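Let's take a walk through this model together. Have the sequence and the 3D view at hand as you read.

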Number of protein chains: 2
Amino acid sequence: MAGSVNIKDVARHAGVSVGTVSNVLNRTDRVRSDTRARVEAAIAELHFVRNESARQLRAQRSRIAGVLVLDITNPFFTEVARGVEDVLGAAGLSVVLCDSDTDEDRQDRYIQLLTEQRVQGVLVVPVGPIDRQVTRLRRQGISVVLLDSEAPEGLACSVSVDDVGGGRSAVQHLLALGHRRVAFVGGKGRESQVADRAKGAHVAFLQHDEPGAELVSVTARALTIEGGYEAATQLLGMPEAHRPTAAFCSNDLLALGMLRELSAEGVSVPDDFSIVGYDDIDFAAAATVPLSSVRQPARDLGQLAGELLLEEASGLAHEHRQAVLGTELVVRASTAPPRRKSARRARRA
Amino acid sequence: MAGSVNIKDVARHAGVSVGTVSNVLNRTDRVRSDTRARVEAAIAELHFVRNESARQLRAQRSRIAGVLVLDITNPFFTEVARGVEDVLGAAGLSVVLCDSDTDEDRQDRYIQLLTEQRVQGVLVVPVGPIDRQVTRLRRQGISVVLLDSEAPEGLACSVSVDDVGGGRSAVQHLLALGHRRVAFVGGKGRESQVADRAKGAHVAFLQHDEPGAELVSVTARALTIEGGYEAATQLLGMPEAHRPTAAFCSNDLLALGMLRELSAEGVSVPDDFSIVGYDDIDFAAAATVPLSSVRQPARDLGQLAGELLLEEASGLAHEHRQAVLGTELVVRASTAPPRRKSARRARRA
DNA sequence: CTGAAAGCGCTTACAG
DNA sequence: CTGAAAGCGCTTACAG
């Protein structure tokens, strides 16, 4: 029968009790070396693999942590996951990755799954308000850290990024270059990250205080490359007099999609149009018009979150902390001063 | 106490036996509706969440499948994972994603983890020979499907891609454009996929049968954007007389990295150098010199693998099948005929 | 339709 | 250092 070798079989085969086999597995030093050798031989011969469900049920603790992200195909989030894995892996925890696809139902299903599994901890990039889910996880003794989103004080540890500051730096850069009409490109979702980046964009405009300057909001179906194509089409559909000369995209996927679509339509970046992205994923620098982007410390973010989770799970005195990491505007080739109208006409003639 | 509400508490609270609570959870139709209502109320009031370890231990089956990929930051693999999730999610299985990072030790650790968890099935993109691990999983009653790699007949189901054909089509394209010296860019690893793509490249050369045509092998540290930078540097370091005029990169990450580095060094793509990638990830089309690439049906691959897993796990008569999907060369802007030497000199003058 | 009881495969005090 | 036994939280025939 498949899966039928258990600790009892091993005990019988090695001529010891099951308790001794368990000791070999969990507290090796308590077992005399010749006994241990016999047990290990039996384990190998019988191809015994411990049943983790049984172990966990009895021992009341899991060695797994779950990471739940918004979009597994976005390299920003997988880089965050790698940061988590750096830290938790070193501590002997295994990390499994789950993809909510920015869908609250899917998020909640995965949280339910992880709760039923009684994992050691959950690190989640939330879709919408998450307080209730955090409380439910805690009630089952599961540690929770919010990723890329600031937790209300007292609720949980979190590691987020100063998205208001990041958005501000992006738009300040465009304004400083001389752009007057700037598009902010977001999505249909209500992720707090995107809202904060939009807020930062507004703050930059307020501080700039130039009469007539205009921040235009553009909404893509999703924060994806596809969404960037679509946003570009929206921009190109605007009457030229009102059309922005630059866009701040709320992530790099959007920015790369927009870059591609504008180029395909003969709009040159940055000569005719400037673009700033957000995240600074590897593909941003690798674009052949290298993308100016607001860099988030993705891996650090994951690592710090992993550390906070370990601290909480250790059971020692623990006070929830909300870490906020800074961003860095990386200026590359996709941003330049707007072309002056006269110059443009001259060139066209 | 955290995590202390169990099925017994619910039973007591609802005034029924634990068996009845379990029936409400698992075989709702066997319970009279008023009893069910009382139990459900108790579950809600006490915030009961079933302990999946206990359920699984007793019921001897898991509702989880694991997907193990080579590089979670590569959108090709996450797209495959989404395909798997499409199919398994619909069947009520949850999918957790694990990242071997092309490291055999990490792969084996994750396989061990999934085995101890007694998951329902594992879908794995293998690093190196995997026969032993497949046997071990089967022995525990765990279904296995190989992803993106052809299984030896009889060992397991697999869904792979005709990488020899894909490699051949890429290089045929370059040869047909008139390139005579072509680089094949692979990595240090010994993934069968890359070996097959290299083989396809060789086949194309043999079929082309043009004396003096040369296939140059370039080895990057890893199949990443970073690796592409490095490979480009290697190419630029070659004496011009021997330097290839085109490269076939064994994935798009390499190709995008190479594209970027060559552009940065003033080598124009495709005027001075042609590049073909592999995978056709979304970033390939979105590059501003849109990348010619060999398209793999990533999502289909994952979906088909998911279906094969379900079939195997269903316990019905099952014969292992090895599906091989085709590729499609997508020609975009990164490939062109080589510039003739004289023209090049003329332009420089 | 409901309850009582066995048992899934482990770990962990407790004796000896 | 080793063994016997209790029990983790469930599910599932089996009676009634």
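What follows goes from the contact between two chains, to one residue, to a DNA strand.

A word on ground rules: this is a predicted model, where local features need pLDDT of at least 70 and side-chain atom pairs count only at pLDDT 80 or more, while totals for chains, interfaces and linings use all residues. Residues are numbered from 1 along each chain as its sequence is written, chains are lettered from A and ligands numbered from 1 in the order in which they are written, and side-chain values use heavy atoms, with hydrogens and water left out.

Start where chain A meets chain B. Each of these chains brings 55 residues to the contact (heavy atoms within 4.5 Å). The buried area comes to about 5000 Å², with carbon and sulfur atoms giving 55% of it; that is the accessible area (1.4 Å probe) that two parts lose on being put together, summed over both. The interface also has 8 salt bridges, each a side-chain nitrogen of Lys or Arg within 4 Å of a carboxyl oxygen of Asp or Glu. To see a salt bridge up close, find B:R82 and A:D99, whose side chains meet at 3.0 Å, N to O.

Now zoom in on B:N251, in the loop between β8 (246-249) and α11 (252-264) of chain B. Those elements are DSSP runs numbered from the N terminus: helices (H or I, at least four residues) and strands (E, at least two). Is B:N251 buried or exposed? B:N251 counts as buried because its relative accessibility is 5% (buried means under 20% relative accessible area, exposed over 50%, partly exposed in between, with a 1.4 Å probe and protein chains only). A polar atom of its side chain sits 3.1 Å from the backbone oxygen of B:L223, and one lies 3.0 Å from the backbone nitrogen of B:L253. Leaving out residues up to four places away in sequence, B:N251 touches several others, including B:N74 and B:Y278.

Last stop: DNA strand D. Of the 25 residues around this strand, A:T20, A:T35, A:R58, B:I7 and B:S22 come nearest (a residue is near if one of its heavy atoms lies within 4 Å). Sugar and phosphate make up 70% of the strand's atoms that come within 4 Å of the protein. In the side chain of A:T35, an N or O atom is 2.3 Å from a phosphate oxygen of DNA strand D. For B:N51, a backbone N or O atom lies 3.4 Å from a phosphate oxygen of the strand.

Conventions
Polar contact = N/O pair within 3.5 Å; in protein donor to acceptor, adjacent residues only side chain to side chain.
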